[in-house]
Amino acid sequence: MKKTFNVLFISMLLALVACGPNQEQKALKASQDFKTFLPTFLEAAKAVKNQEVYLHKDLGVYVYTNPGTVCVATKNNKVANMDGMNEIPATNIFDRKPKGTYCEGYPGEKDGFYFVETTKDDLPSYFDVEGQTGKKVVLPKNLDYKKFIKVTVIKGESFYVELYFTFLDSTWYLIGQNFCDCSA
């Protein structure tokens, strides 16, 4: 009886060890999958709960607004209010660029979250009031950025906000909220 138990126990351990790396690889792949991550972020944003876990301590989040005729950016340590997203179902997630344009709108597109992979160079520009010039956000070079994702949020066939995320340290982080629209 003891011998049978030992054989079964060793067999189970070997099976767990054999499956271990595959499970770890699956977990890592799932954590890198933005479509899996986005609903979790949206639920936290809608509930205004635990949002700080989506901000990297060294990066914070850049919030772009146009209080006048130009788009300005400020670095913050908390997520800006996105109450307008509450009516958009968190299930309306689309892995593509929306049809339409930022200024002219998105006729025929559903309210939702449209995401595409982008690059660090495609982060939005802003106007530096002190320097009277256009600028780009400069991200720290010492971090190992794996991916960048841009999410265009559409509400009522119109632009609501663009969200920018980066994947580093096996985690997705919100690094930008662009509320700048075409109004002056």
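Two strands pair if DSSP finds at least two bridges between them. In this predicted model, strands S3 and S4 are joined by 2 bridges and run parallel.

**Confidence**

The average pLDDT of the protein is 83, and 83% of the residues score at least 70. Residues 4-30 fall below a pLDDT of 50, and this stretch has 2 contacts in the model beyond near neighbours in sequence.

**Strand S4 and its partners**

In the parallel pairing of S3 with S4, Ile 93 stands opposite Phe 113 in S4. Strand S4 also pairs with strand S7 (residues 147-155), through 7 bridges and in antiparallel fashion. Here Gly 112 is opposite Ile 154 in S7. Of the 7 residues of S4, 5 are buried, and the strand is mostly covered. In a regular strand, side chains alternate between the two faces of the sheet.

**Aromatic pairs**

A pair of aromatic rings is described by the distance of the centres and the angle of the planes. The structure holds 16 aromatic pairs. One of them joins Phe 37 and Tyr 54 edge-to-face, at 5.7 Å centre to centre and with 65 degrees between the planes. Because Phe 37 belongs to helix H2 (residues 34-47) and Tyr 54 to the loop between H2 and strand S1 (61-65), this pair ties together parts that are 17 residues apart in sequence. Phe 37 and Tyr 54 are both buried.

The pair of Phe 94 and Tyr 114 is stacked, because the ring centres are 4.6 Å apart and the planes stand at 25 degrees. Phe 94 is in strand S3 (residues 93-94) and Tyr 114 in strand S4 (residues 112-118), so the pair links distant parts of the chain, 20 residues apart. Phe 94 and Tyr 114 are each buried.

Ring pairs also build a cluster, made up of Phe 34, Phe 37, Phe 41, Tyr 54, Phe 115, Phe 165, Phe 167 and Trp 172. Phe 37 and Tyr 54, the edge-to-face pair, belong to this cluster.

**Charges over rings**

Arg 96 lies over the face of Phe 94, at 5.7 Å from the ring centre. Lys 155 is placed over the face of Tyr 160, at 5.8 Å from the ring centre.

**Salt bridges**

Side chains of opposite charge can pair when their charged atoms come close. The count of salt bridges comes to 6, and the table lists examples.

| Salt bridge | N to O distance |
|---|---|
| Asp 58 and Lys 57 | 3.6 Å |
| Arg 96 and Glu 109 | 2.9 Å |
| Lys 135 and Asp 128 | 3.7 Å |

Arg 96 and Glu 109 both lie in the loop between S3 and S4, so their salt bridge ties together parts that are 13 residues apart in sequence. Arg 96 counts as partly exposed because its relative accessibility is 30%. Glu 109, at 8% relative accessibility, counts as buried. Arg 96 thus takes part in this salt bridge and also lies over the ring of Phe 94.

In the bridge of Asp 58 with Lys 57, Asp 58 is partly exposed, with 37% relative accessibility. Lys 57 is exposed, at a relative accessible area of 73%. In the bridge of Lys 135 with Asp 128, Lys 135 is partly exposed at 37%. Asp 128 has 19% relative accessibility and counts as buried, because the cut-off for buried is under 20%.

Terms used
Residues numbered from 1 in each chain as written. Predicted model: local features only at pLDDT ≥ 70, side-chain atom pairs only at ≥ 80, totals over all residues. Heavy atoms only, no water. pLDDT = per-residue confidence, 0-100. Contact = heavy atoms within 4.5 Å. Phe/Tyr/Trp six-rings, centres within 6.5 Å; stacked < 30°, edge-to-face > 60°. Helix = DSSP H or I, 4+ residues; strand = E, 2+ residues; numbered from the N terminus. Buried < 20%, exposed > 50% of the residue type's maximum accessible area, 1.4 Å probe, protein only. Lys NZ or Arg CZ within 6 Å of the ring centre and 35° of its normal. Salt bridge = Lys/Arg side-chain N within 4 Å of Asp/Glu carboxyl O.
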